[in-house]
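Please examine the sequence and the structure shown here before reading the discussion.

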Amino acid sequence: MIKHRDCFFKDKLQNYTNILLIPFCVLMVIFLLTGLLSELIFGFGTGDTLGEATGFGTILLSIGNIFSKVLFIAVSGIVSMSLGDETALAGGIFGGYLVTFGYSYSFPSGSITGSFGLFGAILSGIIAGGTIKLLRIFFGDLKKTSDILYAFISIILTLFLTLAMGNIAEIINSACTMTLGALMNYENPLVYVLLGVFVSVNPGSGMYISALSFSSAMISSGEFTPAAAVISASLAPVVSLFIACLFTWKSLYTAEKISYLSGAAFGVGGISVSAVPYYLLHPFKAVLSFSLGSILSSYLTYMFSAGAENLTGGFLSAYKMHRPWFILLAVFCGGLLSAAINILLTKIPKKGKHQLYK
């Protein structure tokens with residue numbers, strides 16, 4: 001019975017991911033990449049960094065940024081509906097909104113928010129949807145108004161538990177910040193291992209922001225290798241999904257094929273959001289494979305003495321990269337390692353079955 005319910009949840013999660021999250025992510029990166037390209041083509045030389053020039057490009061980037069702001073809300077809502085149908089949607093949206101709070105960060109001193117990033121949004125959705133599911137198991141549908149009452153309880157519990165989760169995240173994120181601050185020497189190999197982990201383990205979290213802020217601080221001090229390491233580490237997951245997609249093509253849903261194939265193209269602009277659906281569907285496999293691949297990419301960037309003077313724009317800002325071909329090689333090597341791990345951990349279904357990930 002439990003196994004049946006688990007499969008039902010997974011099927012609903014897969015369905016919502018295919019019809020809602022993947023189109024959402026693809027549309028978001030289209031706006032972001034088009035905006036970056038317009039800056040490069042029409043605004044070259046008018047700004048210090050890519051993404052600061054033309055009005056048209058600014059509009060496209062602003063639309064893409066609006067999508068990115070509500071990404072965690074969409075993730076949390078999808079998870080909550082997969083567990084507790086539409087009754088849990090309000091709690092899931094509210095939890096995702098709470099997780100999205102923050103992103104105000106300064107390095108090496110300043111304030112950092114307690115955001116748990118992508119996995120915080122997933123946990124908030126589980127809280128909201130799980131509350132509805134448990135209430136129905138224990139109390140059933142008492143009256144026609146029970147859904148309203150259950151939704152209210154779901155919102156309240158999601159509020160308090162998500163805020164508590166944020167306090168825990170703040171402790172973790174502050175520890176990560178202090179660790180990078182203690183290893184301020186950009187020539188320390190351990191820095192690049194940590195950058196690979198922080199970038200890939202939980203996108204959008206304080207860990208991720210601390211890696212970006214550390215690299216930005218290094219750019220200001222004239223050291224460009226950490227920024228290149230962050231770029232390569234963030235792009236390794238989307239390259240790995242592209243490679244894995246080629247080997248598991250027949251077992252993937254159409255939406256997944258579009259997401260994973262387009263992810264490599266979007267990665268040219270330094271946009272790695274196409275990996276988010278994979279994080280949602282296969283969190284443990286994603287953390288293991290992506291973190292190891294990102295560590296390899298980050299460390300190889302250090303070994304190749306590559307550098308980047310800009311964290312935005314990916315390879316569209318290659319003119320501000322030092323040894324960009326070596327950064328590309330590092331990204332490919334890390335992506336290949338992650339893809340190999342993903343393929344090894346994937347149970348390929350028998351012919352006629354269309355469910356790849358079990």
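A student and a tutor discuss the structure in questions and answers.

Student: What kind of model is this, and how are residues numbered?
Tutor: This is a predicted model, in which local features need pLDDT of at least 70 and side-chain atom pairs count only at pLDDT 80 or more, while totals for chains, interfaces and linings use all residues. Side-chain values use heavy atoms, with hydrogens and water left out, and residues are numbered along each chain as its sequence is written, from 1.

Student: How many helices and strands are there in the chain?
Tutor: Helices (H or I, at least four residues) and strands (E, at least two) are DSSP runs, numbered from the N terminus. On that basis the chain has 13 helices and two strands.

Student: What percentage of the residues in the chain is buried?
Tutor: Buried means under 20% relative accessible area, exposed means over 50%, and partly exposed lies in between (1.4 Å probe, protein chains only). Of the 358 residues in the chain, the buried share is 52%.

Student: Which helix gives the most to the lining of the largest pocket?
Tutor: A pocket is an open set of points on a 1 Å grid over the protein atoms alone, where a 1.4 Å probe fits, with protein on both sides within 12 Å along at least five of seven lines; lining residues have an atom within 4 Å of a point. The largest pocket holds about 1300 Å³ of space, and of its 42 lining residues the closest to the centre are L32, S68, Y208, L212 and G270. Elements that give two or more residues to this lining include helix 1 (2-42) and helix 8 (206-220). The most, five residues, come from helix 9.

Student: How many residues of that lining are charged?
Tutor: Asp, Glu, Lys and Arg count as charged; Ala, Val, Leu, Ile, Met, Phe, Trp, Tyr, Cys and Pro count as nonpolar, and the others, Gly among them, as polar. The lining of the largest pocket has 25 nonpolar and 15 polar residues, and the charged ones number two.

Student: Which residue forms a salt bridge with R136?
Tutor: A salt bridge is a side-chain nitrogen of Lys or Arg within 4 Å of a carboxyl oxygen of Asp or Glu, and the structure holds one. R136 lies in helix 5 (residues 117-139) and its partner in the loop between helix 3 and helix 4 (89-100), so the pair ties together parts that are 51 residues apart in sequence. R136 is partly exposed, at 24% relative accessible area. With the closest N and O atoms 2.6 Å apart, the partner is D85.

Student: Is D85 buried, partly exposed or exposed?
Tutor: D85 has a positive phi of about 50 degrees, although it is not a glycine. Because its relative accessibility is 22%, D85 counts as partly exposed.

Student: Which helix gives the largest share of the largest nonpolar core?
Tutor: A nonpolar core is a set of buried Ala, Val, Leu, Ile, Met, Phe, Trp, Tyr and Cys residues joined through side-chain atoms within 4.5 Å. The largest one has 58 residues, and those touching the most other members are L21, L71, V75, V273, V276 and L280. Its largest share, twelve residues, comes from helix 1.

Student: Where is R323 placed?
Tutor: R323 is not a glycine, yet has a positive phi of about 60 degrees. At 42% relative accessibility, R323 counts as partly exposed. Its place is the loop between strand 2 (321-322) and helix 13 (324-345).

Terms used
Points joined across faces, edges and corners; volume = space filled by probe spheres on them.
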